[in-house]
Amino acid sequence: MKLIVLGSGTSVPHPTRSSAAFWLETAGGILLLDCSASSIHRMAQENLDWANLDAIWISHFHLDHCGGLAPFLFGTKHAPNTQSRTKPLRIFGPTGLKKLIDAFDSANAYGLLEQPYPLYVSEIENLEKFEIVPGVEAVAGKTPHTDESHAIHLRDADGKTLVYTSDTGFWELIAAFARSVDLLLIECSFVRDKPVEIHLELAEAMHLIRKAAPNRAILTHLYSEWDNVDFNVEIGKFEPGCEVIEAVDGLRLDISEITEY
Ligand SMILES: [Zn+2]
Ligand SMILES: [Zn+2]
């Protein structure tokens, strides 16, 4: 699997961190993990083949994670690149996803579901196992963030595994869900003294990483208070048991090799 960070930020506009989105190349196809409004242009900025995306995962309905869905579907409906596309695009997300897309669509009769290619929308329940693209097994896991929010566990055809927590409050079960994965992509909204329960601060994220014992972890969903600290100094105050790296927009990782590329 190859991961490209499209958006390491949050809902708050930031000069260098777009809202949440991650490009993931697997043996069975290309995934977009969350689809923020900025992500649809970030894919083009990174010279990625967005017109051939195979599946989109929506973790929850906060707009910094799904606000690009309607604009993306509006784009693929009309873009020259997608007019001859025949392979399907599959969108997976929590219960309520169909209603959300319908609400966008009916606001102005955009015809978002009438695409040049087959489009399928699937609602996934807690602990449901599904094939997100051929040969890639996915499991959704509930998180304490919103009523519908999910983390996702992915296993590629070669056995490599990734967990993306998306937004979450602190919950020990997240460590069990992410146990021994090759890459744990975990939110770490705040450095310390978090103002809300539904996100993580560094000490909590490090506790979950230490218990999950992944090969490697990336901290993402970073609010602007991270701008004012030295990431490695903060990480150095803990013993997470694996390499922990800061998500930055444009970061590329080959998870099979565990190298930057
Ligand atoms: Zn968010
Ligand atoms: Zn959220």
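**Exercise 1. Determine whether E234 is buried or exposed, and identify the salt-bridge partner of E234.**

*Solution.* In this predicted model, E234 has a relative accessible area of 8%. The limit for a buried residue is under 20%, so E234 is buried. Next, the partner is sought: E234 forms a salt bridge with K237, with 3.2 Å between the closest N and O atoms. Finally, the partner is classified. K237 has a relative accessibility of 52% and counts as exposed. The salt bridge therefore joins a buried glutamate to an exposed lysine.

**Exercise 2. State which elements of the chain are linked by the salt bridge between R216 and E243, and classify each residue by accessibility.**

*Solution.* The side chains of R216 and E243 meet with an N to O distance of 3.0 Å. R216 belongs to strand β12 (residues 216-220), and E243 belongs to strand β13 (residues 243-246). The two residues are 27 residues apart, and the pair links distant parts of the chain. As to accessibility, R216 is buried, its relative accessible area being 6%. E243, at 42% relative accessibility, counts as partly exposed.

**Exercise 3. Explain why the salt bridge between E204 and K194 ties together separate parts of the chain.**

*Solution.* The contact is established first: the side chains of E204 and K194 form a salt bridge of 3.0 Å, N to O. Each residue is then located. E204 lies in helix α6 (residues 202-212), whereas K194 lies in the loop between β11 (183-187) and α6, so the pair ties together parts ten residues apart in sequence. The last step concerns accessibility. E204 is buried, with a relative accessible area of 17%, and K194 is buried as well, at 14%.

**Exercise 4. Give the number of salt bridges, and name the residues joined into one network by shared partners.**

*Solution.* With a side-chain nitrogen of Lys or Arg required within 4 Å of a carboxyl oxygen of Asp or Glu, the count is twelve salt bridges. Where salt bridges share partners, R42, E46, D249 and R252 are joined into one network.

**Exercise 5. Describe the coordination of the zinc ion (ligand 2), and explain why the arrangement is irregular.**

*Solution.* The donors are listed first: H60 (NE2), H62 (ND1), H145 (NE2) and D167 (OD) coordinate this ion at 2.1 to 2.3 Å. The four donor atoms subtend angles of 92 to 161°. A tetrahedral assignment requires all angles to lie between 85 and 135 degrees; the arrangement is therefore irregular. Along the sequence, the donor residues of the zinc ion (ligand 2) are spaced H-x1-H-x82-H-x21-D. H60 in the loop between β4 (55-57) and α2 (63-66) and H145 in the loop between β8 (136-142) and β9 (150-155) are 85 residues apart, a pair that links distant parts of the chain. H60 is buried at 0% relative accessibility, and H145 is buried at 8%.

**Exercise 6. Describe the coordination of the zinc ion (ligand 1), and identify which residue coordinates both zinc ions.**

*Solution.* D64 (OD), H65 (NE2), D167 (OD) and H221 (NE2) coordinate the zinc ion (ligand 1) at 2.1 to 2.2 Å. The angles subtended by these four donor atoms run from 85 to 163°, which makes the arrangement irregular. The donors follow the spacing D-H-x101-D-x53-H along the chain. Among them, D64 and H65 are both buried. The two donor lists are then compared: D167 coordinates both the zinc ion (ligand 1) and the zinc ion (ligand 2), and the two ions are 3.5 Å apart.

Notes:
Residues are numbered from 1 along each chain as its sequence is written. Chains are lettered from A and ligands numbered from 1 in the order in which they are written. This is a predicted model: local features need pLDDT of at least 70, side-chain atom pairs count only at pLDDT 80 or more; totals for chains, interfaces and linings use all residues. Side-chain values use heavy atoms; hydrogens and water are left out. Helices (H or I, at least four residues) and strands (E, at least two) are DSSP runs, numbered from the N terminus. Buried means under 20% relative accessible area, exposed over 50%, partly exposed in between (1.4 Å probe, protein chains only). Donors are N, O and S atoms within 2.8 Å of the metal (3.2 Å for Na, K and Ca); water is not among the atoms, so sites may look incomplete. Four donors count as tetrahedral if all angles lie between 85 and 135 degrees; four count as square planar and six as octahedral if opposite donors are over 155 degrees apart and all others between 65 and 115; anything else is irregular.
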